[in-house]
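User: Could you take a close look at the place where the ligand sits and tell me what surrounds it? Please begin with the backbone and the loops, then work your way to the ligand and the aromatic rings.

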Amino acid sequence: MNYARYLTRLSSSRQHSAIRVLTSIVQENPSIITMAGGMPNPQTFPIQEVSLKLKNGKRIDLDEKTTRIALQYSGTKGLPPLVNMLTELQCRIHNPPTYKAEGHPGPLDLIVTSGSQDGLCKVFESMVNPDDKVLIEHPTYSGTLAIVKPLTSKAIPVESDIDGLNPASLRQALSPWSPSDATRPGSDIPKVLYLVPNGGNPTGAGLTLDRKKEIYKIAQDYNLIIMEDDPYFYLQFTKPYVPSFLSMDTDGRVVRFDSFSKLVSSGMRLGFVTGPKPLLERLELHMQCSVMHASGLSQMALYKVLEDWGIEGFLKHAETTAELYKTKRDQCLAIMEKHLKGLAEWTVPSGGMFVWVKLHVEDSHKLITVRAREKGVLFVPGSVFMMDSSKPSPYIRASYSNCTEEQMDTAFQRLAEILQEG
Ligand SMILES: Cc1ncc(COP(=O)(O)O)c(CNc2cc3ccccc3n(O)c2=O)c1O
């Protein structure tokens, strides 16, 4: 893999921040006497210790020394013990073929980000020049469209269904080019493919293993980088987990985005990016001059919880969380059967928090943003998840994650009334 091919001029020109390098030196050599970095004196910090009470009754105390580390500037890539633990998790769950692959041009790297949203934004900005063509699963997460649309007006939607991105649609999208264009200087062939493989947002779709293998083969043929945006990996409703693109990435062409928002906390703003070192180095350099590093307190709190759980405990928590959302999905489906029959149709989510509903209307936008709101119920109109949000869409996205059964019943009853009123 020649990773320079994928980087924008802006990203390629980034240099290590001199002051941020100092932080890493101090982090690696705590005994060094430093009068270099502008590190504030922790004696001035009002917080002395932090105590976490877990719902299982356990209490985790961060002593004064640990709290001081959490409250101080730290290395851009993340707190070392957390980075080590997350690396161990990735190896255990995904067993990436390039990890420790001797002499591989893109040995695996991992960086903790302020939510996976921050990682997505910076990685797109490092690989997509203005008006580059980029392949985007369609429909897709509105937060990704918010990143990509200002970057380029030439994003290419790749149609998906309940089994995820359709490889035939991907081949169709790439049909104006041949694999040889990937090595032809000046070609405008797309270089990046973005998708959400599990618990699709907005569709609840889950990519099958067969499709993943076919998509990876296409990515090899056309030399694509795959951005595997996978915050719902652990919210798959059936086991075993469908293997990730990272687990089959023999070439080092997958950049994977994980998130703790749906498993531990969305407000702690913690995600992590796993991928080839030459690409993640660009993410690190961008972080050095933007956020510097993800919150130290959030990272330390997460680390202590994961340390208490161990990987087995984390997987047990993930399983319990997935079971809760599966139960809510089933409640949601039953309530839609009760209220929306003849008024809409929908597919059955295989993971995540969303169900994709096609109303029997021309366009859901006004109905949802005006009529439904007047009746005291909120959904998201399908146009929000489309590359061209100006086009009418009969779809809505409903999230069952944070509603009681009674609330969902009232919500869909009100939606049915609006639809029946025409
Ligand atoms: C596929 C995919 N990729 C990345 C992210 C970002 O996750 P994070 O930065 O790690 O927390 C998400 C989060 N999705 C949403 C977030 C959200 C936050 C406030 C209000 C509404 C929200 N709605 O609706 C969402 O779908 C996602 O679904």
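Analyst:
**From the loops to the ligand**

With a relative accessibility of 39%, Asp-131 falls between the 20% and 50% cut-offs, so this residue counts as partly exposed. Do keep in mind as we go that this is a predicted model.

Asp-131 belongs to the loop that runs between H5 and S4. Its phi is near 65 degrees, a positive value in a residue other than glycine. That is worth a glance because most residues other than glycine have a negative phi. Met-292 is another case, with a positive phi near 70 degrees. You will find Met-292 in the loop between helix H9 (277–288) and helix H10 (296–340). Its relative accessibility is 24%, so Met-292 counts as partly exposed too.

Next come two proline bonds. Most peptide bonds are trans. Between His-138 and Pro-139, however, the bond is cis, with omega near -10 degrees. Pro-139 sits in the loop that connects strand S4 (134–138) with helix H6 (142–151). A cis peptide bond also joins Asn-201 to Pro-202, where omega is about 25 degrees. Pro-202 is placed in the loop between S7 and helix H8 (209–221).

Asn-201 brings us to the ligand. An N or O atom in the side chain of Asn-201 lies 2.7 Å from an oxygen atom of the ligand. The side chain of Ser-116 makes a similar kind of contact, with an N or O atom 2.8 Å from a ligand oxygen. For Tyr-232, the separation between a polar side-chain atom and an oxygen atom of the ligand is 2.5 Å. On its own, the ligand has 590 Å² of accessible area, and the protein covers 70% of it.

How many residues make up the surroundings of the ligand? There are 16, and the closest are Tyr-232, Ser-259, Ser-261, Arg-269 and Arg-397. By type, the shell divides into six nonpolar, six polar and four charged residues. Helix H5 (residues 115–127) gives the most to this shell, with four residues.

Of the closest residues, Arg-397 has its place in strand S14 (residues 395–399). Is Arg-397 buried or exposed? Its relative accessibility is 15%, so Arg-397 counts as buried. For a sense of how the chain comes together here, Arg-397 and Leu-378 are 19 residues apart in sequence, and their C-alpha atoms are 9.9 Å apart in space.

Tyr-232, another of the closest residues, leads on to the aromatic rings. Across the whole structure, a search finds eleven aromatic pairs. Why is the pair of Tyr-232 and Phe-354 edge-to-face? The ring centres are 5.9 Å apart and the planes meet at 85 degrees, and planes over 60 degrees apart count as edge-to-face. This pair links distant parts of the chain, 122 residues apart: Tyr-232 is in the loop between strand S8 (225–229) and strand S9 (254–259), while Phe-354 is in strand S12 (residues 354–359). Both Tyr-232 and Phe-354 are buried.

Tyr-234 and Tyr-241 form an edge-to-face pair as well, with 5.6 Å from centre to centre and 90 degrees between the planes. Tyr-234 has a relative accessible area of 5%, so this residue is buried. Tyr-241, at 17%, counts as buried too. The two tyrosines are part of a cluster linked by ring pairs, made up of Phe-233, Tyr-234, Tyr-241, Phe-260, Phe-272 and Phe-314.

Charged side chains meet some of the rings. Phe-233, from that cluster, has Arg-256 lying over its face, 5.1 Å from the ring centre. The charged end of Lys-212 is placed over the ring of Phe-245, at 5.8 Å from the centre.

As a last point of reference, try Gly-186, in the loop between helix H7 (167–173) and strand S7 (192–195). Its relative accessibility is 77%, so Gly-186 counts as exposed. Gly-186 and Met-336 are 150 residues apart in sequence, with 51 Å between their C-alpha atoms.

Conventions:
Residues numbered from 1 in each chain as written. Predicted model: local features only at pLDDT ≥ 70, side-chain atom pairs only at ≥ 80, totals over all residues. Heavy atoms only, no water. Phe/Tyr/Trp six-rings, centres within 6.5 Å; stacked < 30°, edge-to-face > 60°. Buried < 20%, exposed > 50% of the residue type's maximum accessible area, 1.4 Å probe, protein only. Lys NZ or Arg CZ within 6 Å of the ring centre and 35° of its normal. Near = heavy atom within 4 Å. Polar contact = N/O pair within 3.5 Å; in protein donor to acceptor, adjacent residues only side chain to side chain. Areas by Shrake-Rupley, 256 points an atom, 1.4 Å probe, with all protein chains shown as cover. Nonpolar A, V, L, I, M, F, W, Y, C, P; charged D, E, K, R; others polar.
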